[in-house]
Amino acid sequence: QVAEIVPLRKVLVTGGAGYIGSHVIYTLQKTRRYKVISLDNGYNSHPDALSRVSALLRSELPADASEHDIESTEIETHNSDLTRRDEIRAVFEKYGKGGIWGVVHLAAHKAVGESVEIPLTYYENNVAGTLFLLQTMKEYECTRIIYSSSATVYGTPPTIPIPETTRLEADSPYGNTKVMSETIIHDLCCADSKWSAISLRYFNPAGAHPSGQIGEHPKGRPENLLPLLAHMGVGRVDAATLQVFGNDYPTPDGTCVRDYLHIIDLAEGHLSALEALNQDSKVFDTSGARFKAYNLGLGRGVSVFEIIAAMHKATGVEFKYEIVGRRRGDVPKLIADPTLAENELGFKATQELSVMCRDLWNFQSKNPDGYGEF
Ligand code: WQD
């Protein structure tokens with residue numbers, strides 16, 4: 001008899017064409033349990049990103065893949081902006097009430113330093129955008145959300161490694177937008193038991209899919225350390241010298257320590273969180289609001305100097321650097337306590353820094369200009 005084709009759960013990924021988004025969409029679509037729809041305004045993402053994801057998914061299909069399988073590698077994309085409520089409604093209107101099963105909300109501006117310079121842009125895009133999204137979700141009876149938060153919500157944490165119970169005290173407008181958005185989502189879950197939400201607090205995502213097909217393609221000069229080193233390695237950034245933002249921190253070698261995790265591990269963390277909402281699993285205790293936050297990290301600390309050494313090992317490139325003053329918004333140490341996600345979501349990041357550097361370099365050396373100018 002004809003196998004009953006169970007309609008796939010439709011999941012809207014905001015910021016779907018970005019670095020995190022493209023790896024999350026690849027990971028969700030690959031399971032063939034979800035039909036992914038991407039909403040992205042193209043502010044910091046390349047128009048070819050999702051066609052590369054589709055090509056990667058197709059390359060992993062068996063030779064005798066069915067038409068249906070090939071078609072399932074296509075990603076529906078909407079070039080829309082979350083600060084435009086009419087544009088969000090148009091996407092939900094297409095599927096009607098209850099048509100979209102859940103949302104993975106990644107779209108945000110994310111540069112700490114920049115947020116200090118232009119806070120209102122960050123509050124509009126990250127907080128108002130989240131509010132408009134939630135209001136539209138409510139209107140269309142879509143009440144499940146995975147929210148992309150960040151370790152920056154902890155500010156300078158009182159204890160390391162950092163558990164999720166740590167007070168939230170961001171010390172940058174960017175970090176505040178993440179705290180505010182988590183609070184809005186939590187209050188919504190308290191007010192209406194139909195809602196369930198999981199907030200994922202990312203530490204430092206790094207690397208690329210091992211195929212080298214997809215990776216990070218920041219606009220202009222990268223802010224973050226690892227993509228900057230990769231750009232220096234391929235000569236995209238004048239490899240004059242890397243500026244190390246301070247070596248007078250209270251850390252073993254004086255430079256800041258961060259908890260890097262592989263972008264594919266991070267994407268798997270989103271799948272685990274979505275499955276937890278899907279199976280209505282026990283992450284939510286019956287009493288309170290159906291809202292939970294989880295750290296996504298490896299649970300290991302790596303300094304700036306150790307990153308430079310690891311990238312030298314992976315690339316053979318000699319990275320010259322000079323020590324300059326501290327960068328505003330930087331905190332000495334951020335290391336996750338990753339055990340809650342492991343115990344409740346069954347998620348554990350495993351890929352080591354050497355693999356992150358290998359996959360980052362594989363992507364960058366195969367695509368010296370990333371996805372090309374845009
Ligand atoms: C890492 C370390 C810098 C560049 C960022 C965002 C954060 C999150 C993850 C979204 C720091 C040092 C960097 C350079 C340097 N993104 N550095 N010279 O700041 O830990 O986190 O990405 O959620 O919000 O802020 O990452 O890669 O920018 O910096 O010395 O040219 O490298 O001081 O200690 P960060 P990063």
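Here are four short exercises on the structure above, each with a worked solution.

The model is predicted, so local features need pLDDT of at least 70 and side-chain atom pairs count only at pLDDT 80 or more, while totals for chains, interfaces and linings use all residues. Residues are numbered from 1 along each chain as its sequence is written, and side-chain values use heavy atoms, with hydrogens and water left out.

**Exercise 1. Work out what surrounds the ligand.**

Step 1: Start with the shell. You'll find 20 residues around the ligand, and the closest are Tyr174, Leu225, Gln243, Arg258 and Asp330. A residue is in if one of its heavy atoms lies within 4 Å.

Step 2: Sort them. Ten are nonpolar, five polar and five charged. Here Ala, Val, Leu, Ile, Met, Phe, Trp, Tyr, Cys and Pro count as nonpolar, Asp, Glu, Lys and Arg as charged, and the others, Gly among them, as polar.

Step 3: See where they sit. Helix 8 (225–233) and strand 8 (242–245) each supply at least two shell residues, and strand 8 gives the most, with four. Helices (H or I, at least four residues) and strands (E, at least two) are DSSP runs, numbered from the N terminus.

**Exercise 2. Find side chains that make polar contacts with the ligand.**

Step 1: Look for pairs of N or O atoms within 3.5 Å; within protein, one must be able to donate a hydrogen and the other to accept it, and residues adjacent in sequence count only if both atoms are side-chain atoms.

Step 2: Check the distances to ligand oxygen atoms. The side chain of Arg327 has an N or O atom at 2.8 Å, Asn224 has one at 3.0 Å, and a polar side-chain atom of Ser150 is at 3.4 Å.

Step 3: Now the cover. On its own the ligand has 690 Å² of accessible area, and the protein covers 93% of it (Shrake-Rupley method, 1.4 Å probe; for residues, only the protein chains shown count as cover).

**Exercise 3. Spot two backbone oddities.**

Step 1: Go to Ile160. Its peptide bond to Pro161 is cis, with omega near 0°. Pro161 is in the loop between strand 5 (144–150) and helix 7 (173–191).

Step 2: Go to Arg32. This residue isn't a glycine, yet its phi is positive, about 55°. Arg32 lies in the loop between helix 1 (19–31) and strand 2 (34–39).

**Exercise 4. Trace what Asn362 touches.**

Step 1: Place Asn362 in helix 12 (residues 353–366).

Step 2: List its contacts (heavy atoms within 4.5 Å). Leaving out residues up to four places away in sequence, Asn362 touches Pro210, Ser211 and Gly212.

Step 3: Zoom in on Pro210. Its backbone oxygen lies 2.8 Å from a polar side-chain atom of Asn362.
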